[in-house]
Amino acid sequence: MNDDTPRVLIVGAGPAGTRAAEALVAHGVAPIVVDEGARSGGQIYRRPPAGFTRPAAALYGFEARKAQAVHATLDGLRERIDYRPNTLIWNIEGGVAQALGPDGIERIRFDALILATGAMDRVIPFPGWTLPGVFTMGGSQVALKAQGCAIGDPVVFMGTGPLLYLVAYQYVHAGARVAAVLDTSHLSQAIPVFPGLLWGGRTFAKGLWYMTWLRAAGIPVRGGITPVAAEGQSALEAVRYRDRRGREHRIACTGLGIGYSVKSEVQLAELAGCEMAFDPLAQQWLPQADVDGRAIEGSVYLAGDGAGVAGADAAEVRGRLAALALLADKDIATDRASQARLRAKLRRIMRFRNALERALPVPFHLARTLPDETVICRCEAITAGDIREGRALAPAEMNRAKAFTRVGMGRCQGRVCGPAAAQILAAARGCAVEDVGRLRGQAPVKPLSIRAGAEAAVEDRSRAASI
Amino acid sequence: MSQRTEQQASAGCRLVRLAETDRSGVTIFHGGKALDALAGDTLLTALLCNGVALRRNEFDGGLRSGFCNMGACQDCWVLLEDGSRIRACTTEVWDGMRVRAPDANE
């Protein structure tokens, strides 16, 4: 590689990061790929540890071939890229990413950055959700896919979004007892947007197929429900919900998977200087970029669900597009025709995603009316009442609320509680959610040991002293 | 469901093994007590398959046993006997791993 080849850092080795790396290598640019996972694939195509034997068809179902292709691509690139698994990027500042890997802390300098940080479950708290036995939908899937385990016996799944029926299907298929699937959406809501859903015919058909399969297998599937509470002494024993007519039901279970689709992991994009804007559909502040994922020309590019959720197929396309945009900005010749094809493919997927989001609406309103005693921040046990009351109300702004109540101050940095806390604060003030702002991204984006933080600080100081 | 699974559930087990059970066994220690686990288990899997909660929340005192299972929510940090802290959902067990029980200091 010659000296003017840009030094590119890709964060994330899921479908987006993998395809971005592949496109860069094809143009003679060997990136550094940093990934928190032990093996590439991201969350959606997560691989079990070495020594596990179930075939891809059992792990990924309809998506087995896509998953295997993504895995094989990164595996095939390993000799040509600087691939660093088990490594967290915890800060980005001025062309330097701070990493924490198996060998400790390290500063990684880069000329350009592709962030493929993915997504996590969107959570709406409800009474009892901190009990052992309650997991996210994605976490329930990880237990099965990566560890061969069910989260309980029997299990209930509750929420909405594409994962709900998929995970329930995978559980039943693997031999778990599923006591019910409880959906806050109702299929009748899908009808007005049905033309849009046809754009993603196969994906939508799969969703219906899972639902039909579950019903045929005798699993109770209920639409239009409202969560009431998870119950148990020291661990989960049952879940209570209200049906469409307002009648309350109780189902005994030792595992409960909850989730309302997924939300973007945006902290690193914010630290990297991306402009943030409120997305009304996702009810989330998202880093801004053009259609190719160009956020800051020549330096920061976004790909995959971290830049707004569009799913795994879109992530592969967006990874390629981000790499092509970066190459073009660095005056490296790329194939315009393939770029045009990728853009067209992405437009088709986005039309479907948009319809899907409207067909399976996230019941954000549920957060607004939670009882005062409901824990919202599970890190520090801060309740809905804490957020509504007292001094937190005077400044109707999330960072002030954080300072006064500590909501979003805990270990997860507001990843889990932030969206619900914003809904509660906005409702208490009678203003729009975007008007309460967003929790500012702070380094470290995930917990570091005091020792690692101190080592980083010492290294920074000695660097400053030597200049 | 097998009878064995039923017994596990009634013993307070949170995770139930459905597949991949032919892996080699390892022993970990929780509050000094030996527990059976399998090579390739995360610590979260190993403890919850044994019906052991991971930790107590420092603020409300409630037992916690993880939530997101993918390194995002940070609700499964546990203390090892050597004083180091690890995230149970993203750390694989090793033979002889020694974990402090949540109530060890109370």
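Colleague: Before we start, which residues count as buried in this predicted model, and what share of chain B does that give?

Modeller: A residue is buried if 20 or more other C-beta atoms lie within 10 Å of its own. Put that cut-off to the 106 residues of chain B, and the buried share comes out at 41%.

Colleague: Okay, and in what order do the helices and strands of chain B run?

Modeller: Chain B has 2 helices and 8 strands to place. Going from the N terminus, the order is α-β-β-β-α-β-β-β-β-β.

Colleague: Which elements of chain B give two or more residues to the side that touches chain A?

Modeller: The contact takes 44 residues from chain A and 38 residues from chain B. The chain B side splits into 16 nonpolar, 12 polar and 10 charged residues. As for elements giving two or more residues to that side, they are α1 (3–10), β1 (16–17), α2 (43–49) and β5 (63–64) of chain B.

Colleague: β1(B) pairs with a strand of chain A, so to speak across the chains; which residue in β1(B) is the bridge partner of A:Cys149?

Modeller: The chain A strand here is β10 (residues 149–150), and its pairing with β1(B) is antiparallel, over 2 bridges. For A:Cys149, the partner in β1(B) is B:Arg17.

Colleague: Over in chain A, how many residues of domain 3 are in contact with domain 1?

Modeller: Domain 1 of chain A covers 8–120 + 263–332, and domain 3 covers 365–436. Their centres, over C-alpha atoms, are 31 Å apart. Domain 1 of chain A brings 6 residues to the contact, and the number from domain 3 of chain A is 5.

Key:
Residues numbered from 1 in each chain as written. Chains lettered and ligands numbered in written order. Predicted model: local features only at pLDDT ≥ 70, side-chain atom pairs only at ≥ 80, totals over all residues. Helix = DSSP H or I, 4+ residues; strand = E, 2+ residues; numbered from the N terminus. Buried ≥ 20, exposed ≤ 12 C-beta atoms within 10 Å, placed from the backbone. Domains from an automatic or database assignment. Contact = placed C-beta atoms within 7 Å. Nonpolar A, V, L, I, M, F, W, Y, C, P; charged D, E, K, R; others polar. Pairing = 2+ DSSP bridges.
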